[in-house]
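New to this one? Take a look at the sequence and the model first, then read on for a short tour.

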Amino acid sequence: MSVRVRFAPSPTGYLHVGGLRTALYNYLFARHHGGKCILRIEDTDRTRFVEGATENLISSLRWAGVEFDESPEKGGDYGSYIQSERFELYRKYAQELLDRDAAYYAFDTAEELDAMRERMQNAGIAPRYDRTVMRNQYTLGEVETKRLLAEDAQRVIRLKVPLAGEVRFDDIVRGTITVPARDVDDQILLKSDNFPTYHLANIVDDHLMAITHVIRGEEWLPSTPKHVLLYDALGWERPKFAHLPLLLNPDKSKLSKRQGDVAVEDYREKGYFKETMVNFVALLGWNPSADREIFSMQELIDSFKLEKVNKAGAVFDIQKLDWMNGEYLRSKPLDELTEQFLPMAQHAGFTASKEYMCDVVGLLRERVTKLNEIPAFGTYMFTAPTEFEEEYKAKFWTPAMAEPIQELAKRLEASDFAADTINAVAKDYAKESGIKVGVFMNLLRLAVTGKSVGASMIHTMEILGKQESINRIAYFLKAQE
RNA sequence: GGUCCCAUAGACUAAUGGUUAGGUCACCACCCUUUCAAGGUGGCUGUACGGGUUCAAAUCCCGUUGGGAUCACCA
């Protein structure tokens, strides 16, 4: 049977980086096996619906390069791919569960349930629906149940979990997992508004969409016994499960908004490349090689193995993310980077030719980790400095240097101003004047950029051009008088 | 608290039961050098603890400790 996997987010806002990792693993697994990867929107909770969330999710996924073979946009043979358009199906299978005595009606009110939980809490037992004492078809009897149904009383349908024995299932990442049945709750399957809960909708759709492998976050592990019971009750073959380790905050808790950015779009806006995000997140919980860190999407696909996924959670370390982005920044083709840089430069109010922009990116990408840092880092490539770092100036500048600098500028002006020439002229004059080249270079940096840090000075000047550089030196000298 | 999951350095990870426990980020030093980076070289730090099984354990088993997830008419 060919592989079919799915990424099934709930449209509650944005794509979480953990969600990206889950989607990515599904995608890698499907592509590796020549199978299909499906996107399904799980919007059964009307109260949590967020306008535009689905579109946002899809656009983040598309940006990252995770593509789906079947989705709400694309359609497919197993549609609809939006759960709110499939409600009839869930009701049908809820009825079937009822018929098979694997589920039952319950009529408890919210208050009654709260009271029950409080009682159990106080008695020191784990809150769990006790169908032998609550108001449901078993305690009420057939006649009363029929009467309540006939008058359309508020009711839900619950899963009838065995009172004894154990529930067992296999997980590709974790091996066999066994849970005492008495610890599994009689989960609500169909809410009083006739909408399904996640548990019902999820297994109905996974089955109907012929999903072969359920690859999802570890937070789902505790509810998997319920899902397994549902598959069994309906006589359906269980898919294979693979629960992925969680992405963690630095303090090891589940990655959350409280402790930093979690939305993929946040990282995108901050200037991380999609290649970085995919590469980085793929290596959180899995590693295809003992001695390599940089992988293209295709390489990830080629080597992906679910069996090699780690069990332990992984801390999302921004420092390493930054390092990786720098790697991509330095290895990507310059013209591609320039295209991406153009809007950033424009936003910063910089105007220059594309060739010049390209030179600037090529020059400064060695010094930053993200493309969008260039405008702030290298403002001087577009605007002449009017202020000069005091501390830096104090270190190299003395009035006695005015003349030598002037002389050096004069000689440079007479040259062709290529980087190598600038270097040679400066060195010659240094030897001649007995002043260290370093002093000249630092002063040129101060005069031309106003800053103490930046790229190679000779290349900076070459790109700025002779006229501009000479003007800046003159301005600096004048300002010191 | 119940249930379940997990445990290689500060972080991410590699290691058919047999390696001096390897790589990457971070950190430190040195080299390069014109500042800062990048790059190069070297270094620091690790199999949570205790028992077993075995000729041999990071690896298998048990326990302890620690961490995490989850316990809704949310997904």
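## Before we start

A quick word on terms: helices and strands here are DSSP runs, at least four residues long for a helix (H or I) and at least two for a strand (E), and they are numbered from the N terminus. Keep in mind, too, that this is a predicted model.

## Around the RNA

Let's begin with RNA strand B. The helix α12 gives the largest share of the surface near this strand, with 5 residues. In total, 64 residues sit around RNA strand B, and the ones that come nearest are Lys191, Gly285, Lys308, Arg367 and Gly454. Sorted by character, the residues of this surface are 25 nonpolar, 15 polar and 24 charged.

Which part of the RNA faces the protein? Among the atoms of RNA strand B within 4 Å of the protein, sugar or phosphate accounts for 72%, and bases make up the rest. You can pick out a few polar contacts by eye. The side chain of Asp45 has an N or O atom 2.9 Å from a sugar or linking oxygen of RNA strand B. Val315 uses a polar backbone atom, which is 3.0 Å from a phosphate oxygen of RNA strand B. A base nitrogen gets a partner as well: a backbone N or O atom of Asp108 is 3.4 Å away from it. Looking at whole elements, those that give two or more residues to the surface near RNA strand B include the strands β4 (156-159), β6 (175-180) and β11 (314-315), and also the helices α4 (110-122), α12 (318-331), α19 (437-449) and α20 (457-464).

## The largest pocket

Now for some empty space. The largest pocket has a volume of about 1100 Å³. Its lining is made of 40 residues, and Pro9, Ser10, Arg48, Glu219 and Trp220 are the ones nearest the centre.

Which element gives the largest share of that lining? That would be α1, with 5 residues. At least two residues each come from β1 (4-7), α1 (17-32), α7 (198-208) and β8 (213-217). By character, the lining of the largest pocket holds 17 nonpolar, 13 polar and 10 charged residues.

## How the chain is divided

The domain assignment of chain A gives four pieces to look for: domain 1 (1-71 + 245-331), domain 2 (88-190), domain 3 (332-377) and domain 4 (390-479). Take domain 1 and domain 3 as a pair: their C-alpha centres are 27 Å apart, and 13 residues of domain 1 are in contact with 12 residues of domain 3.

## Two backbone oddities

Finally, follow the backbone itself. Going from Gly79 to Ser80, the peptide bond is cis, with omega near -5 degrees. Ser80 belongs to the loop between α2 (53-64) and α3 (87-99).

The other spot is Ala210, with a positive phi of about 60 degrees although this residue is not a glycine. Look for Ala210 in the loop between α7 and β8.

Note on methods
Residues numbered from 1 in each chain as written. Chains lettered and ligands numbered in written order. Predicted model: local features only at pLDDT ≥ 70, side-chain atom pairs only at ≥ 80, totals over all residues. Heavy atoms only, no water. Near = heavy atom within 4 Å. Polar contact = N/O pair within 3.5 Å; in protein donor to acceptor, adjacent residues only side chain to side chain. Nonpolar A, V, L, I, M, F, W, Y, C, P; charged D, E, K, R; others polar. 1 Å grid on protein atoms, 1.4 Å probe; cavity = no way out; pocket = protein on both sides within 12 Å on 5 of 7 lines; lining within 4 Å. Points joined across faces, edges and corners; volume = space filled by probe spheres on them. Domains from an automatic or database assignment. Contact = heavy atoms within 4.5 Å.
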